[in-house]
Amino acid sequence: MRTPDAGSAVADAHRREWAGVLAATVRVTRDLDLAEECVQEAYAQALVAWRDGVPARPGAWLTTAARRRALDHHRHAAVAQRALPLLVVDEVAPEPVGPPPDDLLALLFTCCHPSLTAEARVALTLRLLGGLSTPEIARAFLVSEPTMAARLTRAKKKIATAGVPFRVPAPEELPRRLGGVLAVVHLVLTTGHTAPTGATLVRDDLLDRAHDLARLLRSRFPDDPDVAGLLALVLLTDARRATRTDTGGALVLLADQDRSRWDAAMIAEGRSLVLGALTSRPVGRYAVLAAIAAVHADAPTFDDTDWPEIVGLYDVVLARWPSPVVALNRAVAVGFADGPDAGLAALDALAGEPRLAGYGYLAAARGELLRRAGRREEARTALEEAALLTANDVEHELLAGRLETLR
Amino acid sequence: MGQYLILIYTDEASMAAMGEQEVGALMAAHQRFGGTHGAALRGGGWLHPTATATTVRRPDGRERDDLAAGEDALVTDGPYVETKEALGGYYVVEAPDLDTALAIARQVPEPFGGVEVRPLRPAMQDLQGS
């Protein structure tokens, strides 16, 4: 029997220390699978060992335990035929001679290497830095567990075989590489914000990971405006988390959210980051997206929202980084700034966009604008279509409720 | 330290349409590339176009009793696979990791296509070295 203290301390350490412990272990094993195994064993060991008291520095304890396991494994593996080549890891001067290597950042850049597919990058990041299980990651990206397991295995094999180094890129490489890492964190954020599937609207685990990763990047690149913009976006988006569903788990729209329960500290920090990031030229995509979130945060009530400002910001995003989803969001904003008819006109321009075919939000936005324009029959058809297209139970329920009012 | 094969894919029609001066400039660019990365280069070559290629393959349905294509192999005119951009040349480079190999690959002069970077299996490296 383990005391609840040891159990919760281990759970807490899993949440806080997983990535750092794993990264430090990878340096020793030079093998991602073996490192994961050793870290898992270290956590299991902690469940027993911490009954007599939780160490002062749980992360250091776990790292030592995992590395000791790794050295044991190494002795066995030296005889056995290795399945994969060892990871390329730079030699470092032993502490305290040199500064400690930034293993955590090296692991992040390895997971987000451009030689991997975008899907593999985000899956590896959630697995190795986020400590999520394969089923949890599979669920977030609408694929089966075997498919996700195969994706992870293939990516790890490519890293080892092609010689993707475990290293923070050199300064001349950094700007290009950092962009790829930010894209992964942004994908974790958007996937967590509205889970594509499942019983809950929000995936707390994904949002927490997006938070941690954005903070990690900010701590390492405090002067980078894109990093500041992304952290601002995470904070301003996540500040609304508690109010986006009611106690029963039902979706609460932006218009109906209790703004007094938005996280004021997150909003204040996000706003100040946005203001800084917006002054850099050329302005970054995440900074503008965060600015849109900041306009919402600044409105004391939904009716006070500065919609023309939001439309203007979406225009900036569309001009520099055109995407049908952004165009859809802009059309919704136009619907509030200039009325439902103007919004519908903006949406009609997107009707033939193949990348929005089967995208439930297009039908949902159209249905909502039609409802506000008083075109009830057409609104019903559009909302019925939207309900068919969402795999998220909470969204489905909201659409069903809307449809009820139109009967 | 490992070896990587850099496969250069190019649009042959555009390549054929180059004037003498352009061909000269491309060759000079490859020479400069060789000068810059000489320490890492282990080999390389520029291929004649696919019109000069001959493919040798095992006839369909033959029992696999021998690893080689054999005497009754099917010999045909043309490359093994027809692609819009065809293999036009290669380099073999020695590099400590993929990032280093990619940094070299970025510098390969190729006006009408791109390059593919593939790690060589260690066994192949040993064969080459012996």
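Biologist: How many disulfides does the structure hold over all chains?

Modeller: This is a predicted model. A disulfide requires two cysteine sulfur atoms within 2.5 Å. Over all chains, the number of disulfides is zero.

Biologist: Which cysteine has the sulfur nearest to that of A:Cys111, and how far away is it?

Modeller: A:Cys111 takes part in no disulfide. At 6.2 Å, the separation from the closest cysteine sulfur is too far for a bond. The nearest sulfur belongs to A:Cys112, and the distance is 6.2 Å.

Biologist: Is A:Cys112 buried or exposed?

Modeller: A residue counts as buried under 20% relative accessible area. A:Cys111 has 1% relative accessibility and therefore counts as buried. A:Cys112 has 2% relative accessibility, so its class is likewise buried.

Biologist: How is chain A divided, and how many Å separate the centres of domain 1 and domain 3?

Modeller: Chain A comprises domain 1 (4–79), domain 2 (103–326) and domain 3 (327–407). Taken over C-alpha atoms, the centres of domain 1 and domain 3 of chain A are separated by 49 Å.

Biologist: Where in chain A does A:Arg30 lie, and what is its phi?

Modeller: A:Arg30 is found in the loop between α1 (4–29) and α2 (32–49) of chain A. With 30% relative accessibility, A:Arg30 counts as partly exposed. Most residues other than glycine have a negative phi. A:Arg30 has a positive phi, near 55°.

Biologist: Which residues of chain A does a cis peptide bond join, and what is omega?

Modeller: Most peptide bonds are trans. A:Pro282 lies in the loop between α11 (264–278) and α12 (285–298) of chain A. The cis bond joins A:Arg281 and A:Pro282, and omega is about -5°.

Biologist: How many of the 20 residues of α8(A) are buried?

Modeller: Helix α8 of chain A covers residues 174–193, and its end C-alpha atoms are 28 Å apart, in agreement with the span of 28 Å expected at 1.5 Å a residue. The helix is largely enclosed by the rest of the structure, because the number of its residues that are buried is 14.

Biologist: What span should the 18 residues of helix α2 of chain B have?

Modeller: Helix α2 of chain B runs over residues 20–37. Its end C-alpha atoms are 26 Å apart, which agrees with the value expected at 1.5 Å a residue, namely 26 Å.

Biologist: Which residues of α2(B) are buried, and which are exposed on the other side?

Modeller: The buried residues are B:Leu26, B:Ala29, B:His30, B:Phe33 and B:His37. They lie on the same side of α2(B), because they cover an arc of only 95° around the axis. These buried residues pack against β1 (2–11), α1 (12–16), β2 (41–46), β5 (85–95) and α3 (98–106) of chain B. Exposed on the other side are B:Glu20, B:Gln21, B:Gln31, B:Arg32 and B:Gly35.

Biologist: How many of the eleven residues of β5(B) are buried?

Modeller: Strand β5(B) is largely enclosed by the rest of the structure. This follows from its count of buried residues, which is eight.

Biologist: Which residues of β5(B) stand opposite B:Ile8 and B:Leu41?

Modeller: Ten bridges pair β1(B) with β5(B) in the antiparallel sense, and B:Ile8 faces B:Gly89. Strands β2(B) and β5(B) also run antiparallel, joined by five bridges. For B:Leu41, the bridge partner in β5(B) is B:Val93.

Key:
Residues numbered from 1 in each chain as written. Chains lettered and ligands numbered in written order. Predicted model: local features only at pLDDT ≥ 70, side-chain atom pairs only at ≥ 80, totals over all residues. Heavy atoms only, no water. Helix = DSSP H or I, 4+ residues; strand = E, 2+ residues; numbered from the N terminus. Expected span 1.5 Å × (residues − 1). Buried < 20%, exposed > 50% of the residue type's maximum accessible area, 1.4 Å probe, protein only. Arc of directions from axis to C-beta. Contact = heavy atoms within 4.5 Å. Pairing = 2+ DSSP bridges. Domains from an automatic or database assignment.
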